[in-house]
Number of protein chains: 2
Amino acid sequence: MQTISAYQDTARTSPMLSGRVQMAGGLDLPGFVMDFARNEEVFGEEEPADFVYQVVSGAVRSTRILSDGRRQVGAFYLPGDVFGLELGETHRFCAEAVANSKVALIRRTAIDRLAERDSAAARQFWALTSQDLQRLQDHMVLLGRKSALERVATFLVKMAERAPSRDGVDLPMSRTDIADYLGLTIETVSRTFSQLERDQVIALPSSRHVVLRDRRGLAELDA
Amino acid sequence: MQTISAYQDTARTSPMLSGRVQMAGGLDLPGFVMDFARNEEVFGEEEPADFVYQVVSGAVRSTRILSDGRRQVGAFYLPGDVFGLELGETHRFCAEAVANSKVALIRRTAIDRLAERDSAAARQFWALTSQDLQRLQDHMVLLGRKSALERVATFLVKMAERAPSRDGVDLPMSRTDIADYLGLTIETVSRTFSQLERDQVIALPSSRHVVLRDRRGLAELDA
DNA sequence: CGTTGCATTGAAATCCCTCAAGCGAGGTGG
DNA sequence: CCACCTCGCTTGAGGGATTTCAATGCAACG
């Protein structure tokens with residue numbers, strides 16, 4: 001999909017474009033687009049939340065790190081998804097590019113001003129937060145109560161809905177990202193993929209491309 | 001704390017009082033109070049979300065059930081906490097009284113009308129959703145990456161902050177509720193409590209009352 | 001063609017779960 | 001008032017799912 005080099009991990013971001021950003025609900029806001037290299041930080045935890053972000057291309061992950069280095073990925077954001085919208089002054093998680101990505105930035109002041117005078121727009125912003133909440137509620141059940149097999153199956157079903165390719169899913173993220181998202185280890189994720197392949201539920205032409213051979217069977221595993 | 005009888009589990013709710021309900025952020029809304037018996041449902045998943053709720057006394061849990069009966073408790077709501085605020089038409093989780101409780105009900109129509117014309121109020125409602133999201137983000141890390149000991153320690157620290165009693169915490173919920181909240185089994189929760197008691201970190205004068213003997217040690221376990 | 005980073009696989013260990021029994025407080029009924 | 005029941009909680013023993021540790025495979029890149 002994308003060529004990857006060591007240089008890109010440290011490439012500087014650069015403003016790309018100034019103009020309007022179209023968001024869900026017919027919102028149209030002034031913004032600009034920036035490039036982020038794979039693994040580059042879009043914003044850090046505790047940083048001032050001066051912007052709201054929308055993925056244009058590529059993918060972004062939100063992460064939380066525990067003091068001893070354990071990591072939890074909270075969500076993957078795909079093209080069209082909005083992230084980093086906060087009510088408070090600071091971001092409450094870290095956002096990093098999963099692959100080389102283009103991200104639109106919208107100033108918080110523009111958001112706040114619009115929400116102030118347009119109650120329909122305010123409702124749209126509230127809806128964005130509410131969507132995140134809903135997604136997290138589902139994810140909480142997965143983390144609290146599902147087996148490794150169910151977690152991976154759920155992940156594949158959801159990804160196939162969100163980012164369908166011709167005959168399956170193209171995963172922009174590494175096994176480590178998936179593991180940290182599903183509350184598993186990289187080895188367990190890999191073994192589970194292999195098991196699903198042995199059981200003819202999926203095919204793995206390459207590690208990042210999954211062909212769903214038995215969607216029925218996969219859906220049954222997705223408790 | 002509260003006397004419990006089999007009758008109370010099936011007691012009907014009854015309107016108690018009509019008047020104003022004070023919410024966070026200086027919001028004042030028309031509402032009324034109802035009694036809920038222990039384990040009584042406040043609202044069910046998929047039910048129309050015609051009301052927003054605030055705990056007056058007692059405690060409420062939000063739950064999600066998987067098809068095979070596995071349960072995940074999403075949150076415990078204590079006096080003052082608002083729950084059940086939705087943007088969509090229906091509730092996305094079930095809410096039940098953990099103990100005999102009084103709950104204030106506010107009509108959604110009143111909320112919507114206020115949010116429509118008062119942008120400061122709209123921001124307050126958004127803030128409530130945002131708070132829930134923040135709490136869930138923390139909980140997600142717990143479910144995805146923490147050990148049983150860390151989960152219980154975190155739970156006790158948080159409960160002690162939210163519902164302090166003279167020398168510790170009064171837990172309104174059962175071991176089963178705690179287990180389903182922490183993504184563990186009731187036995188593991190019980191064993192972990194016992195271990196913390198053996199290690200002189202807590203004392204358990206009764207199963208529902210926890211004395212925090214070593215808050216420092218507890219905080220260290222709370223990764 | 002060696003290096004590097006990511007992914008897969010195997011073997012052993014561990015943490016937590018499952019199954020099962022026992023305990024204690026509170027309520028009921030004889 | 002005491003025996004008995006129920007329900008929630010605790011404790012033990014054994015097992016299993018996932019992690020940990022370690023080695024190998026593989027593709028991209030220089």
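Tutor: A polar contact is a pair of N or O atoms within 3.5 Å; within protein, one atom must be able to donate a hydrogen and the other to accept it, and residues adjacent in sequence count only if both atoms are side-chain atoms. The model is predicted, so local features need pLDDT of at least 70 and side-chain atom pairs pLDDT 80 or more, while totals for chains, interfaces and linings use all residues.

Student: What makes the pair between Ala148(B) and a phosphate oxygen of DNA strand C a polar contact?

Tutor: A polar backbone atom of Ala148(B) is 2.8 Å from that phosphate oxygen, and the limit is 3.5 Å. The side chain of Ser194(A) has an N or O atom 2.4 Å from a phosphate oxygen of the strand, whereas the side chain of Arg191(B) places an N or O atom 2.8 Å from a base oxygen.

Student: Why is a residue called near DNA strand C, and which come nearest?

Tutor: A residue is near a strand if one of its heavy atoms lies within 4 Å of it. Of the 17 residues around DNA strand C, those that come nearest are Arg175(A), Arg191(A), Ser194(A), Ala148(B) and Thr188(B). Of the strand's atoms within 4 Å of the protein, 66% belong to sugar or phosphate and the rest to bases.

Student: How do you know that the two copies are related as by a two-fold rotation axis?

Tutor: With copies superposed by least squares on the C-alpha atoms of residues with pLDDT of at least 70 in both, a rotation of 180 degrees with 0.0 Å of shift along its axis brings chain B onto chain A (RMSD 0.0 Å). The copies are thus related as by a two-fold rotation axis.

Terms used. Residues are numbered from 1 along each chain as its sequence is written. Chains are lettered from A and ligands numbered from 1 in the order in which they are written. Side-chain values use heavy atoms; hydrogens and water are left out.
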